[in-house]
Amino acid sequence: MTETPFPTQVVDPETFRSIMSAFPSGVTVVTTLDSAGAPVGVTCSAACSVSQEPPLLLVCLHRASSVLAALVERGGFVVNFLRDNSAETSALFASRTGDRFASVPWEAQPRSGLPWLPWDTVAHAECQVVRTVEAGDHVVVLGAITQGAAHEARGPLLYWRRRYGTWPAEEDTMAVALTHATEG
């Protein structure tokens, strides 16, 4: 791996947020168990696929996050890809509310016992931690996907310009495409 010196001039935090909010992303809740076996989780929009062979994904969590500490200690986590009607769940897990799982239905994964949010997800991936990399004020967590599933009939929750949104229904997508084709 090659490292180069960090640039001396970088954008200010507001410009950074403005740039990054222009890129729509899916919304996830990363969950695991703490050292006492209690479920913990946090909203995360920095999640993406890394490799198909082997199946790897990554999530980025703030280095001071108690969920990050629990995830590393446990060695496993679940990425809950939120469905279109789960903005409240996202907001809950982004808050500082104590027991976030008290008001959200969840189930333990059969093999690991890790928490999964089945009613709030369009897909989920259970992962084993394979590597962590410090990156500024966050830590990149690389996970090998050991099990999971996608729910084809559900649409995703999106986050763009600091607002939640949903993917348009297939009929709406066709109408938008046709409108743009006839206008152009």
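This passage walks through a predicted model of a protein chain, from its overall make-up down to a few single residues.

Start with the whole chain. The protein chain holds four helices and twelve strands. Its C-alpha trace spans about 60 × 45 × 35 Å along the principal axes. Of its 184 residues, 33% count as buried. Contacts often link far-off parts of the sequence: among those between residues at least 6 apart, 63% join residues at least 24 apart. Pro54 and Ile145 give a handy example of sequence distance against distance in space, being 91 residues apart in sequence but 8.5 Å apart from C-alpha to C-alpha. Pro54 itself sits in the loop between β4 (47-51) and β5. With a relative accessible area of 46%, Pro54 is partly exposed, because that class runs between 20% and 50%.

Next comes helix α2, which covers residues 66-74. Its buried residues are Val67, Leu68, Ala70 and Leu71. Looking down the helix axis, these buried residues fall within an arc of 165°, so they line one face of α2. The spacing idea behind this is worth keeping in mind: an α-helix has 3.6 residues a turn, so residues three or four places apart point the same way. On the other side of α2, Ser66 and Glu73 are exposed. What do the buried residues of α2 pack against? They meet a whole set of strands, namely β2, β3 (39-44), β5 (56-62), β6 (76-82), β9 (121-135) and β10 (138-150). Both ends of the helix have something to show as well. At the start of α2, a side-chain oxygen of Ser65 comes to within 3.1 Å of the backbone nitrogen of Val67. Just after the helix, Gly75 takes a positive phi of about 85°.

One of the strands packed against by α2 is β2, and β2 (residues 28-33) is home to Thr31. Is Thr31 buried or exposed? Thr31 counts as buried, because its relative accessibility is 0%. The Thr31 side chain makes a polar contact with the side chain of Asn80, at 3.2 Å. Setting aside neighbours within four places in sequence, Thr31 is in contact with Val40, Gly41, Phe77, Val78, Asn80, Phe101 and Pro115.

Elsewhere, three strands make an open sheet in the order β1-β11-β12, with antiparallel pairing. Strands β1 (25-26) and β12 (163-166) stand at the edges with a single partner strand each, so one side of each has no neighbour in the sheet. Strand β11 (residues 157-160) pairs with β12 over four bridges, again in the antiparallel sense. Within this part of the sheet, Leu157 stands opposite Thr166 in β12.

Last up is the largest pocket, with a volume of about 1700 Å³. It is lined by 46 residues, and the closest to its centre are Thr43, Ser45, Ala46, Cys60 and His138. Which elements supply at least two residues of the lining each? That list is α1 (13-21), β3, β5, α2, α3 (87-94), β10 and β11. The largest share, six residues, comes from β3. Some of these names have come up before: β3, β5 and β10 are among the strands that the buried residues of α2 pack against, and β11 pairs with β12 in the open sheet.

Methods
Residues numbered from 1 in each chain as written. Predicted model: local features only at pLDDT ≥ 70, side-chain atom pairs only at ≥ 80, totals over all residues. Heavy atoms only, no water. Buried < 20%, exposed > 50% of the residue type's maximum accessible area, 1.4 Å probe, protein only. Polar contact = N/O pair within 3.5 Å; in protein donor to acceptor, adjacent residues only side chain to side chain. Contact = heavy atoms within 4.5 Å. Arc of directions from axis to C-beta. Pairing = 2+ DSSP bridges. 1 Å grid on protein atoms, 1.4 Å probe; cavity = no way out; pocket = protein on both sides within 12 Å on 5 of 7 lines; lining within 4 Å. Points joined across faces, edges and corners; volume = space filled by probe spheres on them.
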